[in-house]
Amino acid sequence: MAFPRTSTLSEVQLAHKLKPFPFIIIGSGMGGGTLARRLIQKGHRVLLIEKGGLEYSTHVLNTSRPHFDHESKDPSTPARDNEVVFQQARKPWAVKPGSTPSEIGGGAINALGGRSLMWSLETPEINFKKDPVKMAFPESVAKYLTREGYDKALRLMANSPPSDPLYPSSQVKVAGGGSLVERSIEDAQKRLRDALKDYGKDDSTADLIMNGAEFSTTDELYYFPQGAYSTADYLLDRLHAKDEKLTVLANHEVTSFITDPATAPKYMFNIRDIILRSTDGHSGTYDLPTQGAAVILCAGTVDSAAIALRSGLNNLRIKLDWPSGPPSHPPSGPSSGPQSTYPPHDDRVDPASELRQRRPNRYPGHLIGKGLTDHEIWSTRFWNPDQDSKLPVELSTRNVNVNGHNSLLTICTQAESFYLHGFATGDEDAPAKKGNTLNVMLEFESELDEASSVTIDPLTSEPRLDLHRKPLDASKKFQDALGSLARSLYDNFDMPKGEEPPQPAQGKFGFVAHEVGTMRMGEEPRSSVVDKNLKVHFMSDLFVCDLSIFPYSPMANPSLTLVALAIRLGDHLVEIHHGSK
């Protein structure tokens, strides 16, 4: 297709000088693209800066891909290949020598739409009542998500009114009672419940995983569904329409900010200039004065932290007033800049947090780049070549306890025909296997890893991951529990008798793009980087909206939560923008 034209840097500089953009968003993925959409639909002008270009027009599942045959009716034909495309297209981050692990499976997608172009479409919610992690989201954020945020996000991603069922539930309704669709789902649900009952969890649900996709049409005449959700679809639609509210500066990377002390409120800094460089072969750096715009970092867990670190936001010294009064000893850190009166820990501020009690006296920004975490994911697969083929069914149940650790269990029947070739044999270039391949995946929740961080290479100024990942549980009991669960699933899904099921294996760091934590959210500066409204605590005009803000790594896929937070931030920015007027 012919891509619409994006703006040049000189055009952006002139337009911003004549009529400043009220909002500048850096990054166009699940957070930045959704936020831009919300602001545009609320009637506001947005400047969107994207490191990559317009390489993709939509989610890769809406287009041709390596192992998909549109004309085939064979159930062994794969329905999605997003993981194959992601591994081919990703830009892996550098890993600091001596890191554990030394290799990662993730990376950035530098293109309009970012990693929303290749995500898995799975949209589980965080269950705030049953996910007992110490570093939880602020209470007001959790309430928003459960009461309205998740529903708004799902409806946006599925382009669905509140009265309509979401996919794949909608397909069950279309197919009708007694159909192969319904029989396949009911069979898989019964087998999963039986497996978990044998394993000691007899109260579990076996829910269809909702998908962030528009797979069914509305009742409108000649309406064409857009399929798998990505932010690129809406952004390109607005560019084609020459919508004056959206300006996209593509192929430009934001490297850092220049900050100044804010005149108001007291003890704050603001962004004076954004420093950019071209990514399409032109050398040199350029500056873009913000002129009072709100700047929102949406470049991802690694790159947002890298921009903040290059800007020196982790070293700003800011005077803060705390209930405990001024410190009795000088603060640590650089002595230049405004002198800090950041106090030692006082239990009256927040006596509940063990993490804060362990942390020594520091200054705002000290957590930028720290806490880089990707929850552990363990998976295995079973193959029965003689089992009758049914339709693929993807189910999940949360809070499956493995030796004291909570996890989200996801199973997929007919995985060879749903995920990609090679699930049965490990060879993705081999022909698809007949029969049934059952994929089993366990995603564990995790506190942030305080020993791992994003750092800046002193020679290249590029981000490097300094990883010191400790195993969630290195005990034999944990491995035995994984094996016991695998055996129960293996037997209940009628895999070949007399064989030992493969033991679940741990996936590489970042291979499903769930890295979080480097700009964590919290109620107060001494234990977080951004507040409940995603504003950096000590900056008057800087916000963050990507996975870096997560204060822990949930067992659920984080995409739905991020989209809901982007919608919430958009509404908040509109509110304070009107208030400032």
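**Exercise 1.** How many salt bridges does the count come to?

*Solution.* Start with the ground rules: this is a predicted model, in which local features need pLDDT of at least 70 and side-chain atom pairs count only at pLDDT 80 or more. Residues are numbered from 1 along each chain, and side-chain values use heavy atoms, leaving out hydrogens and water. Next, the criterion: a side-chain nitrogen of Lys or Arg within 4 Å of a carboxyl oxygen of Asp or Glu. By this rule the count comes to 26 salt bridges.

**Exercise 2.** Take the salt bridge of Asp151 with Arg155 and find where the two residues lie.

*Solution.* First, the distance: the closest N and O atoms are 3.6 Å apart. Then the location: both residues belong to helix 4 (residues 139-158), four residues apart, about one turn of the helix; helices here are DSSP runs of H or I, at least four residues, numbered from the N terminus. Finally, accessibility, where buried is under 20% relative accessible area, exposed over 50% and partly exposed in between, with a 1.4 Å probe and protein chains only. Arg155 is buried at 15%, while Asp151, at 38%, is partly exposed.

**Exercise 3.** Now try Glu500 and Arg487: which parts does the pair tie together?

*Solution.* The side chains meet in a salt bridge at 3.4 Å, N to O. Glu500 lies in the loop between helix 11 (476-492) and strand 19 (505-506; strands are E runs of at least two residues) and Arg487 in helix 11, so the pair joins parts 13 residues apart in sequence. Glu500 is exposed at 66%, and Arg487 is partly exposed at 26%.
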